[in-house]
Amino acid sequence: ETTPDLTRISKYISLILRHKPEVIGIKLDTHGWADVNALLAGISRKYPINRDILEEIVRSDEKQRYSFSEDGKKIRANQGHSIQVDVELPVTEPPETLYHGTAQRFAASIEVQGLLPQSRLYVHLSPDPETAEKVGQRHGQPVIYLVDAGQMHRDGYLFYLSANGVWLTKVVPAPYLKRL
Ligand code: HQG
């Protein structure tokens, strides 16, 4: 379990590694990697941190949001980016059904437009309804959709599985959605 302080630092790391590396004046490479020493130097202007604390955050993260490179010199977010990076997600055959949790207030729009990636690179899908409910709760009164991933796959849509078990796809057209 991460302490509240580590959670705050982890949120800052998510901001940097997924959305705005410029807040600490660093750049991500094309595969989303940041230099660990540059990240530590940047974060330390705001929060006390060192390599051990960073390793503890990565190790204990309940969603396994980050990975170190094999040599330990680089770090990246496994998914969730809004900036254009290629984290080398493997194209993976999805299970027949995946789930998407969202808020009630988005339902009308989703049922017309389908699921769109909005500010992120992909639509995020969950492997089970319990996880989807947690994702939906972040936005308000949760609503869960069943995604006919098997049919999408047969129709040629690509699915990717992130290193931390989140399913990603570019869009989910409305006909593949069913409200749970
Ligand atoms: C909604 C968390 C209206 C969509 C989670 C969602 C996830 C539409 C919101 C990850 C729409 C975008 C991503 C449409 C989609 N009309 N609303 N046509 N299409 N939406 O946060 O999936 O803790 O970008 O339903 O666990 O909620 O950050 O996506 O409600 O894996 O690591 O637009 O973030 O992980 O919201 O969450 P988000 P998300 P972390």
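This report walks through the ligand site and the strand pairing of the structure above, which is a predicted model.

**Around the ligand**

Let's start with the bound molecule. The ligand is surrounded by 18 residues, and H100, T102, S109, R120 and H139 are the closest of them. If you sort this shell by class, you will find 8 polar residues, 5 nonpolar residues and 5 charged residues. Two elements, strand 4 (97-103) and helix 4 (107-113), each give at least two residues to the shell. Helix 4 makes the largest contribution, with 3 residues.

Several side chains place a polar atom beside an oxygen atom of the ligand; three such pairs are set out here.

| Side chain | Partner | Distance |
|---|---|---|
| R18, polar atom | oxygen atom of the ligand | 2.7 Å |
| T102, polar atom | oxygen atom of the ligand | 2.7 Å |
| R138, N or O atom | oxygen atom of the ligand | 2.9 Å |

How much of the ligand does the protein bury? On its own the ligand exposes 790 Å², and the protein buries 88% of that area. The space that the ligand takes is also the largest pocket. T102 is worth a look on your screen: this residue is among the closest to the ligand, and its side chain has a polar atom 2.7 Å from a ligand oxygen.

**Strands 5, 8 and 7**

Now to the strands. As a reminder, strands of a sheet pair through backbone hydrogen bonds, in a parallel or an antiparallel way. One open sheet here is built from 3 strands in the order 5-8-7, with antiparallel pairing. Its edges are strand 5 (123-125) and strand 7 (160-161), each of which pairs on one side only. Strand 7 and strand 8 (residues 167-169) run antiparallel and are joined by 2 bridges. To find this pairing in the viewer, look for L161, which stands opposite W167 of strand 8.

**Strands 1, 2 and 3**

Strand 3 (residues 74-77) is joined to strand 1 (residues 34-35) by 2 bridges, and the two run antiparallel. D35 has K74 of strand 3 as its bridge partner. Strand 3 also pairs with strand 2 (residues 66-68), again in the antiparallel sense, over 3 bridges. In that pairing, Y66 is matched with A77 of strand 3.

Which residue in the hairpin of strand 2 and strand 3 takes a positive phi? That residue is G72, with a phi near 75°, in a hairpin that has 5 residues between the strands.

How values were computed. Residues numbered from 1 in each chain as written. Predicted model: local features only at pLDDT ≥ 70, side-chain atom pairs only at ≥ 80, totals over all residues. Heavy atoms only, no water. Near = heavy atom within 4 Å. Polar contact = N/O pair within 3.5 Å; in protein donor to acceptor, adjacent residues only side chain to side chain. Areas by Shrake-Rupley, 256 points an atom, 1.4 Å probe, with all protein chains shown as cover. 1 Å grid on protein atoms, 1.4 Å probe; cavity = no way out; pocket = protein on both sides within 12 Å on 5 of 7 lines; lining within 4 Å. Sits in = over half its atoms within 2 Å of the grid points. Helix = DSSP H or I, 4+ residues; strand = E, 2+ residues; numbered from the N terminus. Nonpolar A, V, L, I, M, F, W, Y, C, P; charged D, E, K, R; others polar. Pairing = 2+ DSSP bridges.
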